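Biologist: Could we go through this model together? I would like to begin with the backbone and then move on to the side chains.

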Amino acid sequence: MSRTIVSLPDEDKTWLARQASAQRVPMSELVRRAVREYRERHGNGKSERLSELLDSTRGSWKHGDGLRYQSNTRKEWEQRL
């Protein structure tokens, strides 16, 4: 793991120290969590966010009612058991 020095305004550092104390974790752990969450929300350039992915595939099933197809398929599975 790499070490990084970050400059923060005094009020942000005070807030971070209070949060770390309340959660009983080091400030560095809160920063790691914040970076991880930011990456998950904004992507890392390799994958799209879930909502964007769902939007891009909406309407891709062109063979009738998808729910009816799913129900019929499950009925076939149940009959085989």
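Modeller: Certainly. This is a predicted model. A good starting point is Arg24, which takes a positive phi of about 55 degrees just after H1.

Biologist: What kind of residue shows that positive phi near 55 degrees, glycine or one other than glycine?

Modeller: Arg24 is a residue other than glycine, and its phi is nevertheless positive.

Biologist: Where does Arg24 lie?

Modeller: Arg24 belongs to the loop between H1 and H2.

Biologist: And is Arg24 buried or exposed?

Modeller: Arg24 is exposed, with a relative accessible area of 79%.

Biologist: What about the helix before that loop? How does the span of H1 agree with its number of residues?

Modeller: Helix H1 covers residues 10-23, which is 14 residues. At 1.5 Å a residue it should span 20 Å, and its end C-alpha atoms are 20 Å apart, so the two values agree.

Biologist: Which elements have the highest and the lowest mean pLDDT?

Modeller: H1 has the highest mean pLDDT among the elements of the protein chain, at 96, and helix H3 (residues 50-57) has the lowest, at 79. For the protein chain, the mean pLDDT is 86, and 93% of the residues reach 70 or more. As a general caution, predicted coordinates should not be read in detail where pLDDT is low.

Biologist: Understood. Turning to charges, how many salt bridges are there?

Modeller: The count comes to two salt bridges. Glu29 forms one with Arg32, with the closest N and O atoms 3.1 Å apart. Glu29 also forms a salt bridge with Arg33, where the closest N and O atoms are 3.1 Å apart. Glu29, Arg32 and Arg33 are thus linked in a network of salt bridges.

Biologist: Why can such side chains pair at all?

Modeller: Side chains of opposite charge can pair when their charged atoms come close.

Biologist: How are Glu29 and its partners placed in helix H2?

Modeller: Glu29 and Arg32 are three residues apart in helix H2 (residues 27-42), and therefore separated by about one helical turn. Glu29 and Arg33 are four residues apart in H2, which is also about one helical turn. In general, an α-helix has 3.6 residues a turn, so residues three or four places apart point the same way.

Biologist: Which of the three residues are buried, and which are partly exposed?

Modeller: Glu29 counts as buried, because its relative accessibility is 19% and the limit for that class is under 20%. Arg32 is partly exposed, with a relative accessible area of 31%. Arg33 is partly exposed as well, at 35%.

Biologist: Changing topic: how much space lies in the largest pocket?

Modeller: About 620 Å³ of space lies in the largest pocket. The elements that give two or more residues to its lining are H1 and H2. The largest share of the lining, five residues, comes from H2.

Biologist: Which residues lie nearest the centre of that pocket?

Modeller: The lining has 16 residues, and those nearest the centre are Thr4, Ile5, Val6, Ser28 and Val31.

Biologist: What is the separation between Gln19 and Leu30?

Modeller: Their C-alpha atoms are separated by 8.2 Å, and the two residues are 11 residues apart along the chain. Gln19 lies in helix H1 and is partly exposed, with a relative accessible area of 26%.

Biologist: Lastly, which backbone oxygen lies 2.9 Å from a polar atom of the side chain of Thr73?

Modeller: That is the backbone oxygen of Tyr69. Thr73 lies in helix H4 (residues 66-80) and is buried, with a relative accessible area of 18%.

Terms used. Residues are numbered from 1 along each chain as its sequence is written. This is a predicted model: local features need pLDDT of at least 70, side-chain atom pairs count only at pLDDT 80 or more; totals for chains, interfaces and linings use all residues. Side-chain values use heavy atoms; hydrogens and water are left out. A salt bridge is a side-chain nitrogen of Lys or Arg within 4 Å of a carboxyl oxygen of Asp or Glu. Buried means under 20% relative accessible area, exposed over 50%, partly exposed in between (1.4 Å probe, protein chains only). The expected span of a helix is 1.5 Å times one less than its number of residues. pLDDT is the predictor's confidence in each residue, from 0 to 100. A polar contact is a pair of N or O atoms within 3.5 Å; within protein, one must be able to donate a hydrogen and the other to accept it, and residues adjacent in sequence count only if both atoms are side-chain atoms. On a 1 Å grid over the protein atoms alone, a cavity is a set of points where a 1.4 Å probe fits but cannot get out, and a pocket is an open set with protein on both sides within 12 Å along at least five of seven lines; lining residues have an atom within 4 Å of a point. Grid points are joined across faces, edges and corners, and a volume is the space filled by probe spheres set on the points.
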